[in-house]
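User: I'd like to learn how to read a multi-chain model, one feature at a time. Could you walk me through this one?

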Amino acid sequence: MLFFIGQVLPYIAAAVFVIGTCLRVAVWLKAPVPFPLTLFPAANTNTGRMLLIGREILFFDSLRRGDKWLWLWAWLLHISLVFIIIGHIAGIYYLTKQFTLIGFSAETSSVLSGWLGTIFGMVFLAALLVLFYRRLTIPEVKRLSDPADYFILGLLLAIVVTGMYMRLASDVDLPAVRAFMAGLFTLHPVPIPKHWVFISHFALVNILLLYFPFSKLIHMVGIIINRAMITELPPVYPPRRVNPTQGSNRSISLGEGGCRL
Amino acid sequence: MDYVTVNGAQIEVDEDGFIVDPNLWSEDIVKEFAKLESVENLTEKHWKVINYLRDYYKQFGIAPMIRKLCKETGFTLKEIYELFPSGPAKGACKLAGLPKPTGCV
Amino acid sequence: MKVKPPMYIAKQSDVEALGFSFTPEVQQKAKALEKMAELRSKMRSLMVMLETCTKCGNCAKQCHSFLGTEDYYNFPAARAELFRRIYKRYFTLSGKIFGRFAGAEDFTEETLGKWLTYYYQCNECRRCARFCPFGIDTAEITIIARHILSELGIMPKFMQGVAANMAKTGNNMGIPKAAVIDSAEFMESEMREETGLDIKIPVDKPNSNVLYIPSSADFFTNVDTMIGAAKMFHVLGTNWTIPSSVLEAANFGLLFDFNVMQEHNRRLKVATAELGASLVIQGECGHGWRAAKMYTNALNGPVPFRLLHIHEFCDEHLAKLPLKKLPIRVTLHDPCNYARAGGIIEQPRRILRACVAELVEMTPNREDTFCCGGGSGILMDEMFDIRMKLGKKKAEQIKAVGNIDYLVIPCSICKAQLPAVLKYYGMDKLEMGGLMDIVGKALDIKKT
């Protein structure tokens, strides 16, 4: 059982996550965008488009325009998640000494690493709870929700709770965790450390990776692809380029005998 | 499909109450439609509008521009609404046996 | 149909007369799923927009349809769910495996009735896309759902009637060429009476540089819009004409069937070639502008002509127009398809500031404007009550502006919807009309 969780499951989960997500996106990209869906006001250059899309990804502009509270907690959820992931990579690899790279002492680095982990973990936990509460108490959102919407919140809560437990309540053998992770990445897996909360945390994350390509978490890629569509440069008449099938001036054979919609 | 009884005959009308076959139009139909359109008495003024609409439709195959209707009959738009509460398009055209004007109107 | 939609449905014979095939009820499910499969492979938007929604619900309070009707299914994400649940069940692995858990649902005998009911209560205004974190555009789902319904032979009588007129005469009202000429002559005599000038409205004039495509309603009720445009062209000395074969800026195909949209758009290309024009100017029609600007190249391109909206053209030449400001206080209603789908936002404002004494803005405005409630062709008489609810937010906005002399509503559907809406909400004293109407009135061109 532990062998499966520690040395088999992670590879399956990683493969399903990467291949599944790529496949899903590939299916999307295979379909054309026959008509430009530009949402005005639009950018006039590709740089402008990237700026618009970049701002949305970094600051969730559209959400903020609507509901400030939803924006706050959704943004905090995502930003804390980003820092948690970065913190895991840096913290585990450098065994909490990552801040020595910018001049702090080893002692200070460990404390800082711990504090940042705690803070972002708490913010993430709080955001999850607020969003869970919101989903249950706003009538139209509750009616709109599927079991899957609650499942993902529950899964993330379980992950963050097990993570916070390790952060605050127990002594995790960090070098052992580092060795275990290194084993996985170098394709020479070693037995998983026998720390039950760690095993639970690890297993839950793998379930998340397995579940990702089949869920709405695909919005991570969806946001880019959708916003690329709605920021497409509007057509010009007559088409400027010599080849009218380029850019937003492409025409499709919608009606030439075989291609009715 | 609905039907309106006029002098014992069944005249087919569409869901909006407009006559389906314009060729079946008669003055008796006007009287029947007038009741349905809350037009109490059909006066000379009503008939002036109706006859103008019918003539224009016969010549051009469509209802006239509302402004032209007003100008040619001598009535303001307000007066036409007083004669035909549903207005020139939905009221007068119905009584005149024209098809219902459609599109962005 | 098990669910009774709130509009008259077109008869089978009428639908078939338009060239649609009518799918018998027992085959509807199979045909609908077949169409869904086909469209998802041909339109990336369908897949991405259905699959990216995280059910956050931010769109609810931004949609005038939901706010006005207070019907759950008019909340954009819920409206999309009517399609998404079916899509998940038959086209996604998670839907097939996890079923209801993942939000999948079977296609039932109620499905198409619900689609007809609710996809014709979406005004395709795209306001939800402005507030969705991912930019999901429920209008796109609506457009595709309506297309599928039409391909099954299911459409409102209103759409079928307009399409029949379109096919027969090249305009939504069914105005034949002789009537076009007669109306043009009438308007010419009106202008002569008013200004003393011989201002022409040329119909099918060969070797014209400019083809002007008005809304057919400009030849029935919104005469001042046509007159305003004619006066402007006269003053600028434009070599222009109106094509009788396509007297319609609108393209109802965008509102219910892609193939119909392509056909109407094709007429534009043909007429322009026949009359030798190098510039096409679209008149005051919202969705028609979106269809022309955003869909022409893809549907019938490449096209050799320049394409402008009458407001873009007027804005370009504004300095040359001899305008005397009208002493009125106006506010501008931004039609959805101009502001969010067509890039016409500042031009009307520049024009108005040159034509009137005072321009006040309503709130919100520009790209966050609320739809009039008639958008996407929801002008059926039998849906009057729903239409008034759809117009509620707009009415509130207009009331909040305070004392104004004139409301500028530069789109034909808005011109058909808002007088009824404002009368319903107690504002029928307010004068309203198009932007070119104001230009026409402000042009100082009387023969002295």
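## Reading chain C and its partners

Analyst: Happy to! Let's start with sequence separation: of the contacts in chain C between residues at least 6 apart in sequence, 79% join residues at least 24 apart. Keep in mind throughout that this is a predicted model.

User: Thanks. What is the radius of gyration of chain C, and what should I hold it against?

Analyst: The idea is to set the value beside what a compact globule of that length would have. For 448 residues that is near 22 Å, and chain C has 22 Å, so the two agree. Along the principal axes, the C-alpha atoms of chain C fill a box of roughly 80 × 45 × 35 Å. Buried residues account for 63% of the 448 residues in chain C, and the chain holds 22 helices and 8 strands.

User: Now the assembly. Which pair of chains has the most contacts?

Analyst: A good habit is to ask which chains touch before asking how. Here 2 pairs of chains touch, and chains A and C share the most contacts. No contact joins chain A and chain B; their closest C-alpha atoms lie 25 Å apart.

User: How many residues take part in the contact between chain C and chain A?

Analyst: It helps to count each side separately. Chain C supplies 66 residues and chain A supplies 58 residues. On the chain C side, helix H3 (residues 44-52) gives the most, with 7 residues. That side divides into 34 nonpolar, 17 polar and 15 charged residues.

User: And how many residues of chain C are in contact with chain B?

Analyst: There, 30 residues of chain C are in contact with 14 residues of chain B. Helices H10 (157-169), H11 (177-195) and H21 (412-424) of chain C are the elements that give two or more residues to this side. By class, the side has 17 nonpolar, 9 polar and 4 charged residues.

User: Let's turn to helix packing. At what angle do H7 and H9 of chain C pack?

Analyst: For a helix pair, read the angle, then the distance, then the residues that meet. Helix H7 (residues 111-119) and helix H9 (residues 138-151) of chain C pack at about 130°, with their axes 10 Å apart. That angle makes H7(C) oblique to H9(C). The crossing of H7(C) past H9(C) is left-handed. From H7(C) come C:Leu112, C:Trp115, C:Leu116 and C:Tyr119, which meet C:Thr142, C:Ala145, C:Arg146 and C:Leu149 of H9(C). By class, this contact has 6 nonpolar, 1 polar and 1 charged residues.

User: How do H5 and H7 of chain C pack?

Analyst: Helix H5 (residues 76-91) of chain C packs with H7(C) at an angle of about 155°, again read with the axis distance, which is 10 Å. H5(C) and H7(C) are therefore roughly antiparallel, since an angle over 145 degrees counts as such. H5(C) passes H7(C) in a left-handed crossing. In this pair, C:Arg79, C:Leu82 and C:Ile86 of H5(C) meet C:Thr111, C:Lys114, C:Trp115 and C:Tyr118 of H7(C). The classes here are 4 nonpolar, 1 polar and 2 charged residues.

User: Is H7(C) mostly covered or mostly open?

Analyst: Mostly covered: 7 of its 9 residues are buried. The buried residues of H7(C) pack against helices H2 (25-42), H5 and H9 of chain C.

User: What about a single residue: is C:Glu367 buried or exposed?

Analyst: For one residue, count the C-beta neighbours. C:Glu367 has 20 inside 10 Å, so C:Glu367 counts as buried. C:Glu367 lies in the loop between strand S6 (356-360) and helix H19 (384-390) of chain C. Leaving out residues up to four places away in sequence, C:Glu367 touches A:Phe40, A:Pro41, C:Arg130, C:Ala339, C:Arg340 and C:Ile345. Its C-alpha atom is separated by 9.6 Å from that of C:Arg126, 241 residues apart along the chain.

User: Last one: which backbone details should I look for?

Analyst: Check the peptide bonds before prolines, then the signs of phi. The bond from C:Thr363 to C:Pro364 is cis, with omega near -5°, and C:Pro364 is also in the loop between S6 and H19 of chain C. The bond from A:Tyr237 to A:Pro238 is cis as well, with omega near -10°. As for phi, A:Phe60 has a positive value near 55° and is buried, with 21 other C-beta atoms within 10 Å. C:Asn207 has phi near 55° too, but with 9 C-beta neighbours inside 10 Å, C:Asn207 counts as exposed.

Technical notes:
Residues are numbered from 1 along each chain as its sequence is written. Chains are lettered from A and ligands numbered from 1 in the order in which they are written. This is a predicted model: local features need pLDDT of at least 70, side-chain atom pairs count only at pLDDT 80 or more; totals for chains, interfaces and linings use all residues. Axes are lines fitted to C-alpha atoms, for helices over the stretch in contact, and angles run from 0 to 180 degrees between N-to-C directions. Helices (H or I, at least four residues) and strands (E, at least two) are DSSP runs, numbered from the N terminus. Angles under 35 degrees count as roughly parallel, over 145 as roughly antiparallel, 65 to 115 as roughly perpendicular and the rest as oblique. A crossing is left-handed if the near helix is turned anticlockwise from the far one by less than a right angle, and right-handed if clockwise. Two residues are in contact if their C-beta atoms, placed from the backbone, lie within 7 Å. Ala, Val, Leu, Ile, Met, Phe, Trp, Tyr, Cys and Pro count as nonpolar, Asp, Glu, Lys and Arg as charged, and the others, Gly among them, as polar. The radius of gyration is taken over C-alpha atoms; the globule rule is 2.2 Å times the number of residues to the power 0.38. A residue is buried if 20 or more other C-beta atoms lie within 10 Å of its own, exposed if 12 or fewer, and partly exposed in between; C-beta atoms are placed from the backbone.
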